[in-house]
Amino acid sequence: MPVDTRRVRAPEESQCPLLFVPLLPRGPLRTVAQPEKARVDGRQRSQVDVRPVFARCGLVTQAKGSAYMEAGKTKVLCAVYGPRESERKDDTDMKAGRLVCDFRYAPFSCPKRGTWIQGSEERDAAQALQEALRPGLCLHRYPRAQVEVNVLVLEHDGSVLAHAVTCASMALVDAGVEMYDLVLGCALRQDGDSYLLDPTLAEESGGHATQPEDNQGGVTVALLPSLGQVSGLHADGELRDESVSAAVRACMEGCHRLYPVVRRALVYAARRKAAPPGDSLET
Amino acid sequence: MAVDMRLPAVRKQVPSFSEAQEKHLVVPGDVITTDVGFMRGHGTYMDEEKLTASVAGEVERVNKLICVQPLKTRFNGEVGDVVVGRITEVQLKRWKVETNSRLDSVLLLSSVNLPGGELRRRSVEDELTMRDYLQEGDLISAEVQSVFSDGALSLHTRSLKYGKLGQGVLVQVSPSLVKRQKTHFHNLMCGASIILGNNGYIWLYPTPGQQDEEAGGYYTSLEPISLADREVISRLRNCILALAAHKVLLYDTSVLYCYESSKPHKIKNILKPEVMEEIVMETRQRLLEQVG
Amino acid sequence: MATVQICEAEKVYIMHGVRDDLRIDGRACDDYRHMEVETDVVSNTDGSARVKMGDTDILVGIKAEMGRPRPLIPDEGYLEFFVDCSANATPEFEGRGGEELGSEISSTLYKMFQNRSSLDLRALCIVPREHCWVLYVDVLLLQCDGNLLDATSIAVKAALFSTRIPKVHVSEDDEGGKELEISDDPYDCMRLQVEDVPCIVTLSKIGHRHVVDATLQEAACSMASLIIAVTHKGNVTCVRKVGGGSLDPESIFEMTETGKRVGKALHAPLMKLLQEEEVLGKRRQKVGFLG
């Protein structure tokens with residue numbers, strides 16, 4: 001593993017105290033194992049019940065575009081730079097621009113401290129983000145240019161990839177990059193016969209090791225809402241055949257719930273950017 | 001759906017019957033002759049009076065000239081060869097074409113037929129619209145016009161039979177498997193046409209009906225091709241691959257014979273090793289009968 | 001990534017062919033190219049397999065080593081995947097060229113095995129919290145001719161099938177310390193249950209239909225594909241959309257349907273073949289790399 005010499009690193013042998021808590025973090029899901037029962041935060045199982053979302057554009061003032069988003073305790077910050085001259089000229093055809101994505105967890109974002117060095121999970125997420133956003137962008141309008149999307153997760157409380165997608169597409173809109181449509185993300189946790197939409201971290205990681213029953217898994221969908229196209233699909237775990245399609249449908253529904261909120265936030269941001277209506281008429 | 005999984009078997013090459021005399025094969029470093037009366041040709045070098053091979057291949061002797069013809073190599077073009085190639089780059093007044101040779105070949109703007117007749121002056125506009133005629137990725141058939149000193153080929157398409165290729169399938173085989181013939185353009189009897197490029201690139205396409213000469217060969221039809229034509233082309237493609245796998249020289253008759261012997265099999269099964277062996281064997285037999 | 005350049009007319013030809021259910025090599029949309037599978041091809045490994053699918057050629061070697069269990073899962077061993085895209089396969093992989101593709105494939109493999117049933121990881125545990133087997137699964141791409149993921153997953157499954165891990169006897173001494181004794185008898189070994197190991201099916205959307213086992217030319221015509229890892233029971237352990245395009249929901253449902261059907265059908269012949277090879281045992285002449 002590469003060692004970052006620029007930082008004073010914590011002692012090699014320090015360990016997360018969570019390891020010594022006897023299997024508690026896996027518990028919460030079990031307390032709500034009955035399908036009829038509500039989830040820990042009071043939402044309903046097997047219903048399209050997303051957490052309230054707070055979103056705003058333009059927080060990082062030096063970036064071309066940026067967005068910040070909260071869903072429950074999940075907090076995501078995204079900044080967009082570009083389009084600007086592409087750095088790598090050698091590969092790819094010059095007819096379309098390039099989309100570069102970076103995805104990072106802040107070290108303190110998860111219960112266990114992470115490192116600043118990008119791990120494989122983050123690289124995977126960056127790749128997934130790139131593939132989810134690509135179809136929404138009119139990259140052919142930016143030949144020889146590249147657009148950079150940087151996502152930083154400030155607090156991880158489940159459904160991070162999904163919210164990162166939504167947040168990144170808002171930041172792209174804020175940066176004025178031409179897009180066919182917004183890209184919205186929604187995640188789902190399949191737990192036996194029921195599902196939990198927009199799961200929290202406890203719901204996402206719980207149950208995995210303790211419950212022997214099958215049909216456990218997580219699904220993340222990215223949707224272009226007005227075109228009705230799915231631009232990203234990620235599923236892990238072990239899912240029974242019919243639940244994949246059902247999960248995708250539920251996630252799409254979840255995205256549509258999100259759509260008006262995101263739209264309103266973007267309209268609000270656009271309005272703030274415009275000059276007040278009276279100004280242009282004077283002088 | 002079909003899944004065919006099997007244990008690998010050692011591939012036998014279909015024995016060739018026509019082996020009249022054993023070929024004289026050499027590897028680099030082999031001394032061909034110590035006789036000083038011979039001349040050094042391609043694929044050889046002189047090592048203290050000894051004529052030595054520098055490539056693995058077959059020794060050829062023309063009067064006093066000795067060459068070694070490598071059996072597997074990139075395409076060494078000669079003037080007059082028919083090639084099939086792919087445009088890799090559009091430059092000022094020229095296209096770069098990938099033709100399986102050592103260096104990319106060159107197609108000059110002045111050596112193509114532009115729409116509007118042969119005797120047309122090349123104007124500045126033509127230079128600007130070069131990409132409209134041929135762009136990166138397009139396939140062309142052409143003839144070797146000359147060979148530069150560094151070995152790169154200069155191509156020309158100044159005949160209506162050459163030019164941009166439309167819908168069809170490209171098959172790539174070793175250049176040494178393509179037999180040199182009077183013509184490399186064939187309308188096969190089975191209902192498709194074939195261009196056997198000397199460079200080992202073989203183009204299969206539906207036999208064209210009425211030639212639209214106005215467009216000068218730069219118009220490509222994107223109309224769907226009938227299923228029957230597709231079947232013929234796919235079968236031909238697999239037959240060519242089967243012949244190439246068993247190192248049978250490719251020319252119109254061998255391809256056609258192979259096509260006919262493959263008839264009892266489904267198209268997708270042709271590439272299975274045992275089927276391949278069977279039809280190549282049959283093709284060899286028929287070719288031999290024809291000669292004898 | 002290993003790609004080929006093809007022109008517009010060729011693309012149209014391929015797309016119309018897919019529409020007519022006749023691909024350029026004569027296959028139907030849901031046909032695989034014919035495959036050759038051989039296990040136990042490298043003697044220094046604990047398990048190995050080689051899969052050829054068309055011109056795609058993949059070699060997987062598995063080495064078992066002793067390690068410490070992961071702190072969060074103290075009673076299980078684990079798998080480590082590494083995919084090497086050597087420049088032998090294509091000059092594009094030279095230097096760091098193949099790194100991206102390699103990490104993409106290995107992360108898909110990790111995800112594929114990240115569930116309870118794919119492989120019984122508890123069997124790999126020797127002493128909870130202290131010792132477990134770590135299986136290093138190294139994948140080598142020898143030749144690339146499209147559909148690397150499917151071939152890789154089949155090769156991994158075959159290699160896991162052929163893996164033999166020596167038995168370990170744990171004895172406790174008086175002070176409570178544990179002593180491990182690894183059996184040196186080659187027949188005293190543990191086999192892995194690979195029944196539930198999933199296989200990956202890659203479905204490439206071309207025009208309005210989708211195909212399995214796309215060749216490089218076909219992959220160049222496809223804007224988006226769906227990767228589905230399916231177990232022999234039809235359970236899905238991993239789904240990914242890859243490529244720059246988007247898919248409409250209906251075709252996703254259709255593609256998962258095809259994926260499950262094809263994936264299920266992939267397992268039976270593979271297991272049959274592996275068992276057949278094992279029954280033949282030493283009597284069969286190994287083909288190895290000289291085939």
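This is a short talk through a predicted model with chains A, B and C.

Okay, let's begin with how far to trust it. Since this is a prediction, I looked at the confidence for chain A. The average pLDDT there is 82, and 79% of the residues score at least 70. So where in chain A do the lowest and the highest element means sit? Helix 1 of chain A, residues 28–31, is at the bottom with a mean of 46. Helix 3 of chain A, residues 160–174, is at the top with 93. And around that low helix, please be careful: residues 24–33 of chain A have a pLDDT below 50. That stretch still makes 19 contacts in the model beyond its near neighbours in sequence.

Now for the part I'd like you to look at on screen, a sheet built from chains A and C. It's an open sheet of 8 strands, paired antiparallel. Reading across, you go through strands 7, 6, 8 and 9 of chain A, and then 14, 13, 11 and 12 of chain C. Which strands are at the edges? Strand 7 of chain A, residues 194–197, and strand 12 of chain C, residues 209–212; each of these pairs on one side only. On average, neighbouring strands in this sheet are turned by 20° against each other, ignoring direction.

Let's zoom in on the chain A half. Strand 6, residues 184–191, runs antiparallel to strand 8, residues 216–224, and 8 bridges join the two. If you want one pair to click on, take Asp191(A), which stands opposite Gln216(A) of strand 8.

Then comes the place where the sheet passes from one chain to the other. Strand 9 of chain A and strand 14 of chain C are antiparallel and joined by 4 bridges. Here the pair to click on is Ala235(A) with its bridge partner Val239(C) in strand 14 of chain C.

There's a helix packed on this sheet as well: helix 2 of chain C, residues 99–112. It touches strand 9 of chain A, plus strands 11, 13 and 14 of chain C. Its direction makes about 150° with that of strand 14 of chain C.

How many residues does each chain put into the A–C contact? Chain C gives 30 and chain A gives 29. On the chain C side, helix 2, strand 14 and helix 5, residues 249–280, each give two or more residues. Strand 14 of chain C gives the most, with 7 residues. By type, the chain C side divides into 11 nonpolar, 12 polar and 7 charged residues.

Over to chain B, with an open sheet of 4 strands. The order is 15-18-17-16, and the pairing is antiparallel. Strand 15, residues 169–172, and strand 16, residues 185–187, are the edges. The twist averages 20° from one strand to the next. Strand 15 of chain B is joined to strand 18, residues 201–206, by 4 bridges, and Val171(B) has Ile202(B) as its bridge partner there.

Last, the records. An unreviewed UniProt entry annotates residues 168–207 of chain B as "domain: K Homology". In the model that span is 0% helix and 45% strand, with its end C-alpha atoms 10 Å apart. For chain C, an unreviewed UniProt entry lists residues 32–166 and 196–261 under "domain: Exoribonuclease phosphorolytic". Residues 32–166 of chain C are 21% helix and 38% strand, with ends 36 Å apart between C-alpha atoms. Residues 196–261 of chain C are 29% helix and 39% strand, and there the end C-alpha atoms lie 16 Å apart.

Key: Residues numbered from 1 in each chain as written. Predicted model: local features only at pLDDT ≥ 70, side-chain atom pairs only at ≥ 80, totals over all residues. Pairing = 2+ DSSP bridges. Axes fitted to C-alpha atoms, helices over the stretch in contact; angles between N-to-C directions. Contact = placed C-beta atoms within 7 Å. Nonpolar A, V, L, I, M, F, W, Y, C, P; charged D, E, K, R; others polar. UniProt positions renumbered as here; feature names shortened; annotations may be inferred. pLDDT = per-residue confidence, 0-100.
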